[in-house]
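User: I would like to go through this model and ask, for each label attached to it, what the label rests on. Could you set the values against the criteria as we go?

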Amino acid sequence: MSQSNGEIISVEELPNSVKVFLQILLSYRVLTEKEATSALKKCEKEYDEEEQRDIFDVFSMANKNLALLDLEIKGTKISTPKETVTYFAIINTNDDEISKVHGSSLTINQLNILKSILDEFGSKDVSEPKGLDFELPTSNILSFKPDSMTLHQYKELIRQLCDDYWLIRQENGKSLKLGPKTYMELKSILDEKSIECPQILHF
């Protein structure tokens, strides 16, 4: 038994397969439901575990342990004209800036640049949010390049933000949308900027 934020949490020893699965989820930062289910099955097979666990039961089990570190597995669903994809990630539950930086792959400067980009997704009229389908032209995003970065460095940062699912580059390459990592980890910032969010899944 352990105590966190004044609450008693019952922590159970995680099976080896689940421990390895969590390491995979951390290393990839974001996994789709299909990818996560496949990774879990491979981990169970590697350890010759007969029990076939439901992915959502694993998330619930793991979250009891992760809560002690102010971490949580969350999910969200993002729809496109072609399909709806469910994404999962281990998220830092602290809202302070220092924790956000150390709990992600972003530096303070990179996080500030991302916040500037997020301003363009916000709506000045709270009663008329831009909606989840809003796309920001790539040319607009390039205008946020700070003087301290070269154009090459800035484009590399945007590529990193897309690779880590903070942003999603559209198929035509001409625009970007917010990614599942942003919705799951920066929801408090999105709320402040009146940016509409998809449903966040808790386990």
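Analyst: In this predicted model, P137 stands opposite S175 in β8, and two bridges join strand β6 (residues 136-137) to β8, the two running antiparallel.

User: What makes β6 and β8 a pair of strands?

Analyst: Pairing requires at least two bridges between the strands. Two bridges join β6 to β8, so the requirement is met.

User: How many bridges join β7 to β8, and which residue of β8 is the bridge partner of I168?

Analyst: Three bridges join β7 to β8, again in the antiparallel sense, and the bridge partner of I168 is K177. The hairpin of β7 and β8 has five residues between the strands, and there G173 takes a positive phi near 75°.

User: Why are β6 and β7 called edge strands?

Analyst: The open sheet of three strands has the order β6-β8-β7, with antiparallel pairing. Because β6 and β7 each have a single partner strand, one side of each is left without a neighbour in the sheet, and they stand at its edges.

User: Which way do the residues of β8 point, and are they buried or exposed?

Analyst: S175 and K177 point one way from β8, L176 and L178 point the other way, and all are buried, a term that stands for a relative accessible area under 20%.

User: Which strands make up the other open sheet, the one of four strands?

Analyst: The order there is β3-β5-β4-β9, with antiparallel pairing, and the edge strands are β3 (31-32) and β9, each of which pairs on one side only. β4 and β9 are joined over three bridges in the antiparallel sense, and K74 stands opposite H202 in β9.

User: What lines the largest pocket, and which strands contribute to the lining?

Analyst: The largest pocket, with a volume of about 720 Å³, is lined by 28 residues, of which S79, T80, I168, Q170 and K177 lie nearest its centre. β4 (71-79), β5 (84-92), β7 (167-169) and β8 (175-178) each supply at least two residues of that lining. By character, the lining divides into 15 nonpolar, four polar and nine charged residues.

User: Turning to the aromatic rings, why is the pair of F59 and F203 called tilted?

Analyst: A search of the whole structure finds nine aromatic pairs. In the pair of F59 and F203, the ring centres are 5.0 Å apart and the planes stand at 50°. The centres therefore fall within the 6.5 Å limit for a pair, and the angle is neither under 30 degrees, as for stacked rings, nor over 60, as for edge-to-face rings, so the pair is tilted. This pair links distant parts of the chain, since F59 belongs to helix α3 (residues 55-66) and F203 to the segment after β9 (200-202), 144 residues apart. Ring pairs also link F21, F56, F59, F88 and F203 into a cluster.

User: How do you know whether F59 and F203 are buried or exposed?

Analyst: F59 has a relative accessible area of 0%, under the 20% limit, and therefore counts as buried. F203 is at 26% relative accessibility, between the 20% and 50% limits, so F203 counts as partly exposed. K64, whose place is also in helix α3, is partly exposed at 37% relative accessibility, and the C-alpha atoms of K64 and F203, 139 residues apart along the chain, are separated by 9.8 Å.

User: Which residues have the most contacts inside the largest nonpolar core?

Analyst: That core has 31 residues, and I117, L118, I158 and L178 are those with the most contacts inside it. The elements that give two or more residues to this core include α5 (108-121), α7 (151-163) and β8, and the largest share, six residues, comes from α5.

User: What makes the phi values of R29 and S194 worth a remark?

Analyst: Most residues other than glycine have a negative phi. R29, however, has a positive phi near 70°, and S194 has a positive phi of about 55° although it is not a glycine. R29 has its place in the loop between α1 (16-28) and β3 and is partly exposed, with a relative accessible area of 31%, whereas S194 is found in the loop between α9 and β9.

Note on methods: Residues are numbered from 1 along each chain as its sequence is written. This is a predicted model: local features need pLDDT of at least 70, side-chain atom pairs count only at pLDDT 80 or more; totals for chains, interfaces and linings use all residues. Side-chain values use heavy atoms; hydrogens and water are left out. On a 1 Å grid over the protein atoms alone, a cavity is a set of points where a 1.4 Å probe fits but cannot get out, and a pocket is an open set with protein on both sides within 12 Å along at least five of seven lines; lining residues have an atom within 4 Å of a point. Grid points are joined across faces, edges and corners, and a volume is the space filled by probe spheres set on the points. Ala, Val, Leu, Ile, Met, Phe, Trp, Tyr, Cys and Pro count as nonpolar, Asp, Glu, Lys and Arg as charged, and the others, Gly among them, as polar. Rings of Phe, Tyr and Trp (its six-membered ring) pair if their centres lie within 6.5 Å; planes under 30 degrees apart count as stacked, over 60 as edge-to-face and the rest as tilted. Buried means under 20% relative accessible area, exposed over 50%, partly exposed in between (1.4 Å probe, protein chains only). A nonpolar core is a set of buried Ala, Val, Leu, Ile, Met, Phe, Trp, Tyr and Cys residues joined through side-chain atoms within 4.5 Å.
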